[in-house]
Amino acid sequence: MNERSQLLRDRNFTWLMSGGAISALGDQFTQIALPWLVLKLTGDAVALGLAVALMGIPRAILILFGGALVDRHSPKRVLMLTKHVNTVLLAVLAILVYSGHARLPVVLALALGLSLASAFSIPAGTSMLPHAVAPQHLQAANGMMMGLRQITMLAGPLLAGLLFALAGDGSDGPQHMRGLALAFGVDCVSFAVSAWTLANVQPRPFTPPAPQPVLRAVADGLAAVWRDTLLRTCFIYWGLCACVVGGVMQVALPLLASSRLHGASALGLLMGAHGAGALLGMAVSGIAGKRRAGNLGMTLLLIDGIAGVLLVPLGMITASWQSMLINIVIGVLGGVVQVAVFTWIQQRVPRELLGRTMSLFMFIFMGLAPLAAALAGWIASRVTLTTLFGGAGLCLAGAALLAWVFTPMRALRDAPIRTMV
C-alpha cells in the first residue's frame with residue numbers, strides 16, 4: 001500500500017483534510033464579498049482600503065501571540081475556538097446584509113473580528129498536521145492538503161461569481177445584495193461544518209509545556225529560532241524571497257496586464273496560470289516524495305535560481321500565452337518549494353515550539369510582502385516594466401547564489417523524523 005493510500009485510510013487525516021477543504025472554499029466567498037460589500041456601501045476607495053487594512057494589519061501584529069497560545073493550549077483547541085467565533089461573526093454579517101441593515105461601522109467591526117480570529121487560526125492550522133498524522137507521512141500529507149487548498153482557490157472565486165450573478169451583488173442598488181448575504185452564509189456554514197469535522201480529529205499524544213506569560217512565551221519562541229543558526233538563516237532568506245515574489249509580483253503583474261496585455265481578463269489568466277502551476281507542483285511534490293537534486297538545500301536554491309531567471313523575460317513579453325506559460329512554470333516551482341519548506345519546519349521543530357515557529361514564519365510573509373509591494377509601487381513609477389521584472393529576477397537568482405556560497409543552506413537536508421510523544 002503506497003503512502004497516499006495509507007493517508008486516505010487514516011481517519012484523522014481524512015477528517016482534517018475534508019474540514020480544511022470545506023473551510024478554505026468558504027473563505028473564498030468572504031474574501032470576494034467583503035471588499036465588494038464595502039465598495040457598494042460607500043463607493044469610496046479610502047473605505048475599501050480601510051477594510052483591507054483591518055483584515056490584514058491586526059492579523060500580522062497578533063499572529064506571534066496566536067502562536068504562543070497554540071503552543072500553550074494545543075492547535076486543536078485554539079482552532080476550534082476560532083471556528084466557532086468565525087461562525088457567529090459571519091452569521092451576524094449575513095443576517096445584516098440580507099435584511100438590508102448593514103452599515104459601514106458594523107461591517108468594519110466584524111471585519112476586524114475576522115482578522116483577529118485569523119491571527120490565532122493561522123498558526124493553529126499550520127501546526128495541526130504534525131499533531132494529527134504520523135511524522136513519516138508529513139510530506140505526502142502537506143502535498144495533499146496544500147493541493148486541495150489550491151483547488152479551492154481556483155474554484156471558490158468562480159462559484160462566488162456565479163452566486164453573485166444569480167442572486168445579486170448590489171450593483172443594482174442596496175436592495176439587491178442577496179448574493180453577498182448568501183456568500184457570507186456559505187462561509188458561515190463552512191466554518192460550522194469544519195468545526196464538526198475537527199471535533200472528530202484525535203490528536204497524537206502530546207504533553208504541552210508548562211504555562212508561562214504570553215509575552216515570555218513569544219520571546220522564548222523568537223529566541224529559540226534565533227539560536228538555531230540554520231533555521232535563522234532560512235527564515236531570513238525566505239523573508240527576502242517573500243519580498244521579491246510576494247511583494248514585487250503583486251505590483252508587476254497587474255502593470256503587465258494593464259500596459260501590454262488585455263487588461264483585467266489577462267490578469268485573471270496570469271493568476272489562474274500561476275495557481276494551476278502551484279497545484280501541479282504540490283501534486284508533483286507529494287508523488288516524488290523526498291527525491292532531491294543532491295539534498296534539500298541544493299534543491300530549494302536551484303529552484304529559486306530558476307524562478308529568478310524566469311522572472312527576467314516577463315517584462316519583455318507582448319502576448320498573454322507567453323506570460324501564462326512562464327507563470328505556470330513559476331507556479332510549479334513554487335508549489336514544490338511550499339510543500340518541502342512546510343514539511344521541513346514541521347519535522348525539525350519540537351511540537352512545543354511549533355505554533356510559535358509557524359506564526360513567526362507566517363508573520364515574515366504577511367509583514368514583509370505588503371511593505372515590499374509598497375516599495376515596488378514606488379520603484380515602478382520610476383523605472384520601466386522590463387527593469388522592474390529584470391531587477392526582481394536578478395535579485396532572486398542572486399540571493400539564491402549568495403545563499404549557496406556563503407550560508408549553510410547549501411547543506412540543508414530533510415529534517416530527521418521526530419518520534420512525537
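So, surface first: the chain exposes about 18,800 Å², and 71% of that is supplied by carbon and sulfur atoms. Keep in mind that this is a predicted model. On the burial side, 50% of the 421 residues in the chain are buried.

Okay, the fold. What is the chain built from, helices or strands? We have 14 helices and zero strands, so if you read the elements from the N terminus on, you just say alpha over and over: α-α-α-α-α-α-α-α-α-α-α-α-α-α. As for how the chain comes together, take the contacts with a separation of 6 or more: 85% of them are between residues 24 or more positions apart.

Let me zoom in on one residue, S127. You'll find S127 in helix α5, which covers residues 104-132. Is S127 buried or exposed? Its relative accessibility is 1%, so S127 counts as buried. And who does S127 touch, once we leave aside the neighbours within four places in sequence? The contacts are V70, P75, L354, G355 and M358. Three of those names will make sense in a second, when we get to α13, which spans 351-380.

Now the holes. By the rule used here, there are two cavities of 30 Å³ or more. I'll talk about the second largest cavity, which holds about 40 Å³ of space. Its lining is L64, V218, G221, L222, V225, R356, T357, S359 and L360. Which elements give two or more residues to that lining? Those are α8, residues 214-227, and α13, residues 351-380. By type, the lining of this cavity divides into five nonpolar residues, three polar and one charged.

Staying around there, look at R232, over in helix α9. Not counting residues up to four places away in sequence, R232 touches V225 and W226. You've just heard V225 in the lining of the second largest cavity. L222 is in that lining too, and R232 sits 10 residues from L222 in sequence, with 9.7 Å between them in space, C-alpha to C-alpha. R232 has a relative accessibility of 21%, and the cut-off for buried is under 20%, so R232 counts as partly exposed.

Moving from cavities to pockets: the second largest pocket has a volume of about 200 Å³. It's lined by 13 residues, and the closest to its centre are V248, L375, A376, I379 and L388. Helix α13 shows up again here, since the elements giving two or more residues to this lining are α9 (229-259), α13 and α14 (385-406). And what is the make-up of that lining? We get 11 nonpolar residues, two polar and no charged.

Last bit, the cysteines. How many disulfides does a search of the whole structure find? Zero. Just as a reminder, a disulfide is a covalent bond between the sulfur atoms of two cysteines. Take C241: it is in no disulfide, and the nearest cysteine sulfur, that of C395, is 8.6 Å away. The cut-off for a disulfide is sulfur atoms within 2.5 Å. C241 has 11% relative accessibility, so C241 counts as buried. C188 is at 13% relative accessibility, so C188 counts as buried as well.

That's my tour; happy to rotate the model if anyone wants another view.

Technical notes
Residues are numbered from 1 along each chain as its sequence is written. This is a predicted model: local features need pLDDT of at least 70, side-chain atom pairs count only at pLDDT 80 or more; totals for chains, interfaces and linings use all residues. Side-chain values use heavy atoms; hydrogens and water are left out. On a 1 Å grid over the protein atoms alone, a cavity is a set of points where a 1.4 Å probe fits but cannot get out, and a pocket is an open set with protein on both sides within 12 Å along at least five of seven lines; lining residues have an atom within 4 Å of a point. Grid points are joined across faces, edges and corners, and a volume is the space filled by probe spheres set on the points. Helices (H or I, at least four residues) and strands (E, at least two) are DSSP runs, numbered from the N terminus. Ala, Val, Leu, Ile, Met, Phe, Trp, Tyr, Cys and Pro count as nonpolar, Asp, Glu, Lys and Arg as charged, and the others, Gly among them, as polar. Buried means under 20% relative accessible area, exposed over 50%, partly exposed in between (1.4 Å probe, protein chains only). Contact means heavy atoms within 4.5 Å. Accessible areas come from the Shrake-Rupley method with a 1.4 Å probe; for residues, only the protein chains shown count as cover.
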